[in-house]
Amino acid sequence: MKDILDKKVEKVVVSNRLVNSPCCIVTSQYGWTANMERIMKAQALRDTSTMGYMAAKKHLEINPDHSIIDNLRGKADADKNDKSVKDLVLLLFETALLSSGFSLEDPAVHSQRIHRMIKLGLGIDEDADDAAITADIGAASTDDMPPLEGDMEDASRMEEVD
């Protein structure tokens with residue numbers, strides 16, 4: 001997990017505190033909390049050089065008794081280069097970030113990862129789905145689209161209101 005997450009976390013440790021959740025994010029003793037990090041990112045006159053070393057040093061604590069972690073470990077042992085293992089580890093990390101109060105660096109990537117996992121769970125082939133989307137886009141070309149009604153009328157009406 002540490003190899004996959006690389007610089008996103010300072011370390012990955014086995015937790016003896018977790019009971020119900022598969023993992024959580026904790027910060028070091030003198031690091032910023034999630035709320036303090038959010039406040040500092042929102043400052044108008046912030047200094048970007050201090051954000052690097054003052055940002056929270058995140059530790060990922062995993063619950064070894066949880067079924068998700070247990071199955072993930074088995075899947076990683078079977079094939080170290082499995083792309084789904086990487087996606088699942090990143091998904092677990094990002095979910096732990098959200099539940100711990102941190103914000104995501106790129107929410108769009110997180111949502112794409114969730115959609116990919118939903119497709120995998122439903123047994124939908126990604127290639128077939130992409131081909132269907134491409135066919136839909138090709139079928140609805142701009143030549144077939146009727147012109148928008150009232151575009152020019154609305155623009156002139158907006159000038160009259162002033």
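The exercises below work through salt bridges, a pocket and a surface patch in a predicted model.

Residues are numbered from 1 along each chain as its sequence is written, and side-chain values use heavy atoms, without hydrogens and water. In this predicted model, local features need pLDDT of at least 70 and side-chain atom pairs count only at pLDDT 80 or more, whereas totals for chains, interfaces and linings use all residues.

**Exercise 1.** Determine where E61 and its salt-bridge partner lie, and whether each is buried or exposed.

Solution. A salt bridge is a side-chain nitrogen of Lys or Arg within 4 Å of a carboxyl oxygen of Asp or Glu, and by this criterion E61 pairs with R17, the closest N and O atoms being 2.7 Å apart. The pair links distant parts of the chain, since E61 is in strand β3 (residues 58-62) and R17 is in the loop between β1 and β2 (23-27), 44 residues apart; strands (E, at least two residues) and helices (H or I, at least four) are DSSP runs, numbered from the N terminus. Buried means under 20% relative accessible area, exposed over 50%, and partly exposed in between (1.4 Å probe, protein chains only). E61 therefore counts as buried, at 10% relative accessibility, and R17 as exposed, at 53%.

**Exercise 2.** Describe the salt bridge of E94 and the network to which E94 belongs.

Solution. E94 forms a salt bridge with R113, with 2.8 Å between the closest N and O atoms. This pair also links distant parts of the chain, E94 in helix α5 and R113 in helix α6, 19 residues apart. E94 is buried because its relative accessibility is 8%, and R113 is buried because its relative accessible area is 8%. D87, E94, R113 and R116 are linked in a network of salt bridges.

**Exercise 3.** Work out which helix supplies the largest share of the lining of the second largest pocket, and how the lining residues divide by type.

Solution. The lining of the second largest pocket draws at least two residues from each of α1 (2-5), β1 (11-14), α4 (67-78) and α5 (83-99), and α4 gives the largest share, 5 residues. The lining divides into 11 nonpolar, no polar and 6 charged residues, where Ala, Val, Leu, Ile, Met, Phe, Trp, Tyr, Cys and Pro count as nonpolar, Asp, Glu, Lys and Arg as charged, and the others, Gly among them, as polar.

**Exercise 4.** Locate L122 and classify its exposure.

Solution. L122 is placed in helix α6 (residues 107-122), and L122 counts as exposed because its relative accessibility is 63%.
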